[in-house]
Amino acid sequence: MATVLNDMKITPLSDALGAEVTGINAADLDEDTFARLRDAYHENIVLVVRDQHLTPAEQTAFARRFGEIQYHINKEYLMPGQPEVLILSTEIKDGKNVGVPDAGSDWHSDHSYVDQPTGYTLLHAIKVPKDGGDTEWTNMVAAYETLPDDMKTRLEGLVGIHSFNRLKNPRISVPVLHGHDEEYYKRSPPDSFHPLVRTHPHTGRKALYLSPRFTIGIKDLDEADAQALLDELFAHIRNRDLVYRHRWNVGDLLLWDNRTTIHLACLGVPEGQHRRMHRTTVLGEIPV
Ligand code: SIN
């Protein structure tokens, strides 16, 4: 059932998570509508805001309404003149990638490898391919709630170890793009430590907070036990009932709450077709 607020219409998208928002211009939102949108964001975890055509400056200004901008550690693809926007793109110009061509190719929550990870991510579709390029999100609140009680008890007080460094993660491979670039790995910040179950600062809901891309171990647990427990939890979150898959349209502005979801870029854009997205991230809080 859709909720209509002034011109804003919010309609649930799937059983897993997500809502579609129509009837707003994100570049020009009054305080009341913005507050309602933010509540819907926390509630639905992912918002698909349709028909937006924001300049990078407008996207940055909208992102700033949610908090402080978080800049990506890889400076190479920040937009010249608007470094709050990271360019994700399959386009090549003068033999060089225009943006990150393979961002998000393993399940993750943004910047969980730093002490104060991303709260909100905004991804704006500028160019979409006819085929491929979908994105998926998993509901980590439902993932937590559907764990058996004995597993919930076992997770109490456990802390995950998160790392940007792919070489430390046995579950993922090194993409060709960075395969031989040792400098890329030297940019990895020190590992960060976050509770495996975190509580949302606004809704009070508990969510699993771990991902195959960044969670490489569990603090103070024997390595074999830690990896076995992570395998069990990763198997649990593979349940497709928890997942929403998005097929992009030009003008879509996707907002996701990194405290309660992990996401995956499905890639698969055929040669000759192009996808370009503008991404802005907003600092969250230290997870508790
Ligand atoms: C990301 O992980 O931030 C990018 C997701 C996508 O491009 O689909």
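In this predicted model, the ligand sits in the largest pocket, so that is a good place to start looking. The pocket has a volume of about 600 Å³. Its lining counts 36 residues, and those closest to the pocket centre are Val100, Asp102, Ala103, Gly104 and Ser105. If you want to place the lining on the fold, look at strand 7 (82-89) and strand 19 (261-265), the elements that give two or more residues to it. Sorted by class, the lining of this largest pocket is made of 16 nonpolar, 13 polar and seven charged residues.

Now zoom in on the ligand itself. Around it you'll find Leu88, Ala103, Gly104, His108, Leu123, Thr135, Trp256, His263, Ala265, Arg275 and Arg279. Two of these names, Ala103 and Gly104, have already come up among the residues closest to the centre of the largest pocket. By class, this shell splits into five nonpolar, four polar and two charged residues. The charged pair is Arg275 and Arg279, because Arg counts as charged, while His and Thr fall in with the polar ones.

Which side chains put a polar atom by an oxygen atom of the ligand? Arg279 does, with a polar side-chain atom 2.7 Å from a ligand oxygen. Arg275 does too, at 2.8 Å, and for His263 the distance from a polar side-chain atom to an oxygen of the ligand is 2.9 Å. How much of the ligand does the protein bury? On its own the ligand would expose 260 Å², and the protein buries 99% of that.

There's another pocket to visit before you leave. The second largest pocket holds about 200 Å³ of space. Trp107, Thr138, Arg171, Pro212, Asp231, Phe234, Ala235, Ile237, Arg238, Arg240, Val243 and Ile262 line this second pocket. Which element gives the most to that lining? Helix 6 (residues 223-237) does, with four residues. By class, the lining of the second largest pocket has seven nonpolar residues, one polar and four charged. Asp231, Arg171, Arg238 and Arg240 are in that lining, and they make up its charged part, because Asp and Arg both count as charged.

Notes. Residues numbered from 1 in each chain as written. Predicted model: local features only at pLDDT ≥ 70, side-chain atom pairs only at ≥ 80, totals over all residues. Heavy atoms only, no water. Near = heavy atom within 4 Å. Polar contact = N/O pair within 3.5 Å; in protein donor to acceptor, adjacent residues only side chain to side chain. Areas by Shrake-Rupley, 256 points an atom, 1.4 Å probe, with all protein chains shown as cover. 1 Å grid on protein atoms, 1.4 Å probe; cavity = no way out; pocket = protein on both sides within 12 Å on 5 of 7 lines; lining within 4 Å. Sits in = over half its atoms within 2 Å of the grid points. Points joined across faces, edges and corners; volume = space filled by probe spheres on them.
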